[in-house]
Amino acid sequence: MSLIKRNVTFATLIVLSLVFVVYSFPDGAPVDTCVKPSKANEPNHGQAKSQSVQSSPYAFTASSSQYGPGSQITVTISGSSFKGFFLQARDPDTDNWIGSWAQTDNTNTHPECSAVTHADPYVKQHATLIWNAPPNARGRVYFTGTILKEYATYWSNLVATTKN
């Protein structure tokens, strides 16, 4: 094989590898995002780093921070356009994952860690998500996670504000 053909083949392989890395999870974060040893709940997007929480252009809100048996809480994301999200519900006293998410349009859920993520690579203007409280408990909950504007621009460790 000539040197030119080898270089073209090598360059093609590199480009295809980069395409795979960039578009590996267009349907949301994988479940291992919950438990990565470093940077839990953050995307693994190469050299990209989370933007500062204070610079977030998003309104990330929950209808309540308290729940009763079987109740539901609405969580919304709005503001600037975004491509994805990965959110979890957590107990503020123990930081354990609690409850589950309702399957809604264009979402995937990870019941293993009470997480919900986007299910498509399209730009979104708004997301409305429904969290289901544990069936036999009452208490407090907070919602945290990452909102992704694009592959290399995202905000992690966001905490939803509550309306109550």
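Me: Why is S1 largely enclosed by the rest of the structure?
Reply: Four of the five residues of S1 are buried, so the rest of the structure largely encloses this strand. Bear in mind that this is a predicted model.

Me: What does S1 pair with?
Reply: S1 runs antiparallel to S3, with five bridges joining them. S1 is also joined to strand S12, residues 161–162, by two bridges, and that pair runs parallel.

Me: Which residues stand opposite Thr-61?
Reply: In S3 the residue opposite Thr-61 is Thr-76. In S12 it is Thr-161.

Me: Now the core. How many residues are in the largest nonpolar one?
Reply: That core has 24 residues. Those with the most contacts inside it include Phe-60, Trp-101, Trp-131 and Phe-143.

Me: Which strands supply at least two residues of it?
Reply: S1 (58–62), S3 (72–79), S4 (84–90), S8 (127–132), S10 (142–150) and S11 (153–159) each do.

Me: Different topic: what's the strand order in the open sheet of five?
Reply: The order is S6-S7-S4-S10-S11, with antiparallel pairing. S6 (107–110) and S11 are the edge strands, each pairing on one side only. From one strand to the next, the twist averages 15 degrees.

Me: How many bridges join S6 to S7?
Reply: Four bridges join S6 to S7, residues 115–118. Thr-107 has His-118 in S7 as its bridge partner.

Me: Where does pLDDT stay under 50?
Reply: Over residues 7–24, and for that stretch the model has three contacts beyond four places in sequence. The protein chain averages a pLDDT of 81, and 74% of the residues score at least 70.

Methods:
Residues are numbered from 1 along each chain as its sequence is written. This is a predicted model: local features need pLDDT of at least 70, side-chain atom pairs count only at pLDDT 80 or more; totals for chains, interfaces and linings use all residues. Side-chain values use heavy atoms; hydrogens and water are left out. pLDDT is the predictor's confidence in each residue, from 0 to 100. Contact means heavy atoms within 4.5 Å. A nonpolar core is a set of buried Ala, Val, Leu, Ile, Met, Phe, Trp, Tyr and Cys residues joined through side-chain atoms within 4.5 Å. Buried means under 20% relative accessible area, exposed over 50%, partly exposed in between (1.4 Å probe, protein chains only). Two strands pair if DSSP finds at least two bridges between them. Axes are lines fitted to C-alpha atoms, for helices over the stretch in contact, and angles run from 0 to 180 degrees between N-to-C directions.
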